[in-house]
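Hi,

Here is the structure I promised to pass on to you. Please have a look at it first, and then read my notes below.

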Amino acid sequence: MRNRNPQLNADGELTHLLTLEGLPAPIITQILDTADPFVSIGEREVKKVPLLRGKAIFNLFFENSTRTRTTFEIAAKRLSADVINLNINASSTSKGETLLDTVDNLVAMNADMFVVRHSQSGAPHLIAAHLDATRNTHVHVVNAGDGRHAHPSQGLLDLYTIRHFKRDFRNLSVAIVGDLLHSRVARSLVHGLTTLGTPDVRAIAPATLLPTQLQSLGVRPFLDMREGLRGVDVVVMLRLQSERMKGALLPSPGEFFKHYGLTEEKLALAKPDAIVMHPGPMNRGVEIDSAVADGARSVILPQVTFGIAVRMAVMSIIAGN
Amino acid sequence: MPPERLTDEQLPDAERVLATLAQRMAPAVAHDAAFVGIYSGGAWIAERLAAMIPGAHPVGFIDVAFYRDDYNRSGLKPNARRTELSFDVEGATIVLVDDVLYTGRSVRAAINELFDFGRPSRVELAVLVDRGGRELPIEPTYTGVRVEVARDRSIVLARSSEGVLSLDVERS
């Protein structure tokens, strides 16, 4: 039992979504397959199915996020769940309550699921392990981003988007560009791409933002963006987090855009049918030029639509296991 | 018409049953009724019926995975497909089509899903095989054949690569 993947139950089914690292390919594929019919729910007049009727889903956001919290909230509501948003910064923890005491209290209120974002890597794992230890195995955890570690639902929606436009991972070249060092989005996507058999994953960044461990995952590093974009099918731009600009990691936004900003001219080096992705929110003129962001090859807005369906799939799969 | 008692060796020919079902429906079904098949067997039959029965019949498909009543017991069924109703459900005459009618729970789920698309003026039910064993007050409007099989068996509709339908009994 000790060595069991903490995301899986005794039957090997997904019961928490904590990270894409080590998640078996059939489970990732099952989530992507399940997301497909959920996309069509969003296109209906009545954008709702009764699957999670009566379930209480708590959004526990210990770190600010409007977009991710909103997409999880929309997904839960389209599944007919009741959603409770807790603004943790302004509540119990500021009065000294520990994370696990907060969790125990919400379990006592008959919570069915926690969607957790935390600046500390591993916080969702800690909650999942605690629920297991306190025999609350009917309560599920979704990691909505923990520190620099993982953002699995974003990774899954990126995989869904790539599969939607490119069909098969087994002959793709994917370039991830920007601040890979601090990016849990990039880390989750790399694990997912690798598990699904993507033969060519590239990381394009200045040396200061390029984590060395990526190479052990089979990712090819490029300091020169033009070289790295040559012939790729998919370009994933990362948000340059302005808070990272304070350190000595980067010269200036203007300098970054010159070398690592995606422009039409640089994109011309990718395949003619290459797609451009971005997890949002984007900084126009910092990591991506407006002409590209709004261009024909941009799939940034479909990513947002698919993100809701992917989160519906995750929540309805884990709550049923 | 008494139900046929079945063993594994004595299954009715699905194509023959389909022809009977179409014959029974043809004089009674509205000429513009939409045929909505419940995945997967019902979808195959709905397509076939639309071609066999005179009139202009839009065809739609329902996957009831998100409306099932056993989600809290057995979780989400894998391989759910998109429900596709390309006609306006509001005010439509709809014939729900399924391969095997048993407990009635899939039909209940399909009716609930239909009503999330609009208010049909009339909903009928056509089934290839009625095997009894209802757990809900649901009865078919049109039936191909009534059969009896043991409770621990399932009747499964299969479709060959040439599109020929056949029935099998499996241990469930």
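**What I found**

Strand E7 (residues 153-159) of chain B runs antiparallel to strand E8 (residues 165-171) of chain B, and 7 bridges join the two. Within this pair, Ala158(B) has Ser166(B) of E8(B) as its bridge partner. The two strands make a hairpin with 5 residues between them, and Gly163(B) in the turn has a positive phi of about 90 degrees. Two strands are called paired if DSSP finds at least two bridges between them. Helices (H or I, at least four residues) and strands (E, at least two) are DSSP runs, numbered from the N terminus.

Some housekeeping before I go on: this is a predicted model, in which local features need pLDDT of at least 70 and side-chain atom pairs count only at pLDDT 80 or more, while totals for chains, interfaces and linings use all residues. Residues are numbered from 1 along each chain as its sequence is written, and chains are lettered from A and ligands numbered from 1 in the order in which they are written.

**Helices of chain B**

E7 and E8 of chain B turn up again around helix H1(B), since the buried residues of that helix pack against H2, strand E5 (122-130), strand E6 (142-148), E7 and E8 of chain B. Contact here is taken as C-beta atoms, placed from the backbone, within 7 Å. The buried residues of H1(B) are Ala14(B), Val17(B), Leu18(B), Leu21(B) and Met25(B). They lie on the same side of H1(B), because they cover an arc of only 100 degrees around the axis; the arc is that of the directions from the helix axis to the C-beta atoms. As for burial, a residue is buried if 20 or more other C-beta atoms lie within 10 Å of its own, exposed if 12 or fewer, and partly exposed in between, again with C-beta atoms placed from the backbone.

The length of H1(B) (residues 14-25) agrees with expectation: at 1.5 Å a residue its 12 residues should span 16 Å, and its end C-alpha atoms are 16 Å apart. The expected span is 1.5 Å times one less than the number of residues. Helix H2 (residues 41-52) of chain B also has 12 residues and an expected span of 16 Å, which agrees with the 17 Å between its end C-alpha atoms. Among the buried residues of H2(B) are Trp44(B), Ile45(B), Arg48(B) and Leu49(B). Just ahead of that helix, Ser40(B) sits in the loop between strand E2 (34-38) and H2 of chain B, and a cis peptide bond joins Tyr39(B) to Ser40(B), with omega about -5 degrees.

**Sheets of chain A**

In chain A, 4 strands form an open, parallel sheet in the order E2-E1-E3-E4. Strand E2 (82-87) and strand E4 (140-146) of chain A are the edges, each pairing on one side only. The twist averages 15 degrees from one strand to the next. Axes are lines fitted to C-alpha atoms, for helices over the stretch in contact, and angles run from 0 to 180 degrees between N-to-C directions.

Strand E1 (residues 56-61) of chain A pairs with E2(A) over 6 bridges in the parallel sense. Two of the bridge partners in E2(A) are Asp82(A) for Ala56(A) and Leu86(A) for Leu60(A). Helix H4 (residues 123-133) of chain A packs on this sheet, touching strand E3 (113-118) and E4 of chain A, and its direction makes about 165 degrees with that of E4(A). E1(A) is largely enclosed by the rest of the structure, because 5 of its 6 residues are buried.

Another open sheet, of 5 strands, has the order E7-E6-E5-E8-E9 (chain A) with parallel pairing. Its edge strands are E7 (220-222) and E9 (275-277) of chain A, and its twist averages 20 degrees from one strand to the next.

**Backbone points to check in chain A**

A cis peptide bond joins Gly280(A) and Pro281(A), with omega about -10 degrees. Ser80(A) has a positive phi of about 70 degrees although it is not a glycine; Ser80(A) is in the loop between helix H2 (67-78) and E2 of chain A.

Best wishes

Conventions. Two residues are in contact if their C-beta atoms, placed from the backbone, lie within 7 Å.
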